[in-house]
Amino acid sequence: MRNKINLLSIISLGFSLIPINFVVAKPIIYDFTIKITEGSLQGKSYQGFLSYDDGKLKGETTEILTVKDGLKVCLNFFNQIYDEKKDVDYPEFPQLIFQKGQLEILDFWAESPSRRLWWNRDGWDVTLKQRENSDLPLSCP
């Protein structure tokens with residue numbers, strides 16, 4: 001009986017010494033500004049934010065995150081507030097497209113009939129700034 005207790009203690013001690021690494025994903029939040037420098041909306045600028053779970057990314061080739069992956073979007077465009085549910089193809093869109101872990105495109109479209117990519121296209125300059133404090137509550141006004 002005494003040998004069983006000692007063996008059990010050694011096994012328990014052995015497991016307690018094995019390091020366990022937990023991956024704790026945190027929300028990544030970017031504030032963005034879109035400055036329009038060409039076309040009929042030249043001189044206008046718009047703001048918004050996007051948020052996603054960085055635990056969903058592997059940093060390999062092309063990766064796409066959607067609402068199903070926790071993507072949140074808020075855009076103030078012409079004093080109209082648009083969130084991810086306003087995308088014409090919700091819930092498959094909006095999408096965040098990454099190349100090797102780097103954010104490349106927010107594909108968000110709130111008008112019918114056809115989808116167009118406007119993110120960082122010629123004349124639509126996007127500035128991204130990652131928030132320092134990702135614990136702030138996210139709400140689209």
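## The largest pocket

The largest pocket is lined by 17 residues, and those nearest its centre are F77, W109, E111, W118 and W124. The model is a predicted one. The volume of this pocket is about 410 Å³. Rolling a probe the size of a water molecule over the atoms is what shows where empty space is left.

Sorted by class, the lining of the largest pocket holds 11 nonpolar residues, 4 charged residues and 2 polar residues. Two strands, β1 (27–36) and β4 (72–77), each contribute at least two residues to the lining.

## The open sheet

Both of these strands also belong to an open sheet of 5 strands, which has the order β5-β4-β2-β1-β8 and antiparallel pairing. β5 (80–83) and β8 (124–130) stand at the edges with a single partner strand each, so one side of each has no neighbour in the sheet. On average, and with direction ignored, neighbouring strands of this sheet are turned by 15 degrees against each other.

## Pairing from strand to strand

Strands of a sheet pair through backbone hydrogen bonds, either parallel or antiparallel. Starting from the edge strand β8, the pairing with β1 is antiparallel and covers 7 bridges. Within this pair, V126 of β8 stands opposite I34.

β1 is also joined to β2 (residues 45–53), by 9 bridges, and these two strands run antiparallel. Here D31 has F49 of β2 opposite it. β2 in turn pairs with β4 in the antiparallel sense, over 5 bridges. F49 appears again in this pairing, where its bridge partner in β4 is C74. F49 therefore stands opposite D31 and is also the bridge partner of C74.

## A buried proline in a loop

P94 is located in the loop between β5 and β6 (95–99). Is P94 buried or exposed? Its relative accessibility is 0%, and because buried means under 20%, P94 counts as buried.

Apart from neighbours within four places in sequence, the residues in contact with P94 are L65, T66, V67, L71, V73, E84, D87, L106, D107 and F108. A further residue, I64, is 30 residues from P94 in sequence, and the C-alpha atoms of the two are 10.0 Å apart in space.

Terms used. Residues are numbered from 1 along each chain as its sequence is written. This is a predicted model: local features need pLDDT of at least 70, side-chain atom pairs count only at pLDDT 80 or more; totals for chains, interfaces and linings use all residues. Side-chain values use heavy atoms; hydrogens and water are left out. On a 1 Å grid over the protein atoms alone, a cavity is a set of points where a 1.4 Å probe fits but cannot get out, and a pocket is an open set with protein on both sides within 12 Å along at least five of seven lines; lining residues have an atom within 4 Å of a point. Grid points are joined across faces, edges and corners, and a volume is the space filled by probe spheres set on the points. Helices (H or I, at least four residues) and strands (E, at least two) are DSSP runs, numbered from the N terminus. Ala, Val, Leu, Ile, Met, Phe, Trp, Tyr, Cys and Pro count as nonpolar, Asp, Glu, Lys and Arg as charged, and the others, Gly among them, as polar. Two strands pair if DSSP finds at least two bridges between them. Axes are lines fitted to C-alpha atoms, for helices over the stretch in contact, and angles run from 0 to 180 degrees between N-to-C directions. Buried means under 20% relative accessible area, exposed over 50%, partly exposed in between (1.4 Å probe, protein chains only). Contact means heavy atoms within 4.5 Å.
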